[in-house]
Amino acid sequence: MLSVNVLSNLIGSLKNLIFPSVCIFCQRPIKNGYICNNCMNDMVYKGPRCIKCSKPVNQNTLLCSNCSQKAYYEKGFVLFSYNNQKVANLIKWSKFSGHFYYLNSIKHFKEHIDFSIFDGVEVLIAVPMHRKDLQKRGYNQSLIIAKILSTLSGICVYYDIIEKTLQTKPQVGLKRHERQNNLRNAFVLNPKAKKFKKVLIVDDVVTTASTINECAKILSSFDIKVNFFAMASEF
């Protein structure tokens, strides 16, 4: 059986062979990939960031609202601002419309990634989905992102370090305390994680960082240090 990563590259290659390549946003012809240079430039976030997790913020502040509270992660990096409509569409299409191969576009933003988040990291861990949610969607978008980061960083992905054993309701629309309560005791750590000293958690979108923080909390209970990477975050 082909892995989602291999399948993603294969679909992209077949698409380019059968159809003329056009940008998914503006429909301009492009030689390869899914996004033209102009639209990629539009997606790059150039504003202020939190000094701990690099989350885009809408004012000059040292710490975002997430990091100013109890955080179990040491450092994070958020690539895009979800307030950017192109970014929001890219994530929605890749997550909910089956176009998971669009996530390969992350490779074109390599120069905008802060690679210091990989310092000392031994493995990459994608935020897991509950098995019923995974069966329904067919793939875990965070795992696809983790595999892309693996090719960029040279750090391998571990698949079963954290398991989501409780099927929770979607986080969208919930307030901060509701998100935290929604995820309480939802994740279980595999005992073999004890052999690692530092890991990097990968997620697609960070809002209140409740999911990242809950995963980091159980990892830190085994004295495992945690960094994270997220594709996007809202202000």
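**Notes on a predicted model**

1. A good place to begin is Lys95, which counts as buried because its relative accessibility is 19% and the cut-off for buried is under 20%. Please keep in mind as you read that this is a predicted model.

2. What does the side chain of Lys95 meet in a salt bridge? The partner is Asp204, with 2.9 Å from N to O. Since Asp204 belongs to strand 5 and Lys95 to helix 3, the pair ties together parts that are 109 residues apart in sequence. Asp204 has 4% relative accessibility, so this residue counts as buried too.

3. Strand 5 (residues 198-206) also holds Lys198, whose side chain meets that of Glu74 in a salt bridge at 3.9 Å, N to O. Glu74 sits in the loop between helix 2 and strand 1, and the two residues are 124 apart, so distant parts of the chain are linked. Here the surroundings of the two partners can be told apart: Lys198 is buried at 15% relative accessibility, while Glu74 is partly exposed at 41%.

4. Helix 3 comes up again with Lys86, which forms a salt bridge with Asp42 of helix 2. Their closest N and O atoms are 3.5 Å apart, and the pair ties together parts 44 residues apart in sequence. Are these partners buried or partly exposed? Asp42 is partly exposed at 45% relative accessibility, and Lys86 is partly exposed at 23%. The count for the model comes to 5 salt bridges.

5. Turning to the rings, the count is 12 aromatic pairs. One of them joins Tyr34 and Tyr101, which are tilted, with 5.8 Å centre to centre and 40° between the planes. Tyr34 lies in the loop between helix 1 (4-18) and helix 2 (37-43), and Tyr101 in the loop between helix 3 (85-96) and strand 2 (123-126), so the pair ties together parts 67 residues apart in sequence. Tyr34 counts as buried at 7% relative accessibility, and Tyr101 does at 12%.

6. Which residues do ring pairs link into a cluster with Tyr34 and Tyr101? They are Phe25, Trp93, Phe100, Tyr102 and Tyr139.

7. Phe77 and Phe229 form another tilted aromatic pair, 6.1 Å centre to centre with 35° between the planes. Phe77 is part of strand 1 (residues 75-81) and Phe229 of strand 6 (residues 225-233), so this pair ties together parts that are 152 residues apart in sequence. Both Phe77 and Phe229 are buried.

8. A ring can also meet a charge: the charged end of Lys70 sits over the ring of Tyr72, 5.1 Å from the ring's centre.

9. Helix 7 (residues 210-220) is worth a look, since it is mostly covered, with 9 of its 11 residues buried. Among the buried ones are Asn213 and Glu214, alongside Ile212, Cys215, Ala216, Ile218 and Leu219.

10. Finally, the second largest pocket holds about 370 Å³ of space. Its lining has 21 residues, and Met129, Leu134, Asn140, Leu143 and Tyr159 lie nearest the centre. Which elements give two or more residues to this lining? They are helix 4 (131-137), helix 5 (141-153) and strand 3 (162-164). By class, the lining of this pocket is made of 12 nonpolar, 4 polar and 5 charged residues.

Technical notes: Residues are numbered from 1 along each chain as its sequence is written. This is a predicted model: local features need pLDDT of at least 70, side-chain atom pairs count only at pLDDT 80 or more; totals for chains, interfaces and linings use all residues. Side-chain values use heavy atoms; hydrogens and water are left out. On a 1 Å grid over the protein atoms alone, a cavity is a set of points where a 1.4 Å probe fits but cannot get out, and a pocket is an open set with protein on both sides within 12 Å along at least five of seven lines; lining residues have an atom within 4 Å of a point. Grid points are joined across faces, edges and corners, and a volume is the space filled by probe spheres set on the points. Helices (H or I, at least four residues) and strands (E, at least two) are DSSP runs, numbered from the N terminus. Ala, Val, Leu, Ile, Met, Phe, Trp, Tyr, Cys and Pro count as nonpolar, Asp, Glu, Lys and Arg as charged, and the others, Gly among them, as polar. Buried means under 20% relative accessible area, exposed over 50%, partly exposed in between (1.4 Å probe, protein chains only). Rings of Phe, Tyr and Trp (its six-membered ring) pair if their centres lie within 6.5 Å; planes under 30 degrees apart count as stacked, over 60 as edge-to-face and the rest as tilted. A charge sits over a ring if NZ of Lys or CZ of Arg is within 6 Å of the ring centre and within 35 degrees of the ring normal. A salt bridge is a side-chain nitrogen of Lys or Arg within 4 Å of a carboxyl oxygen of Asp or Glu.
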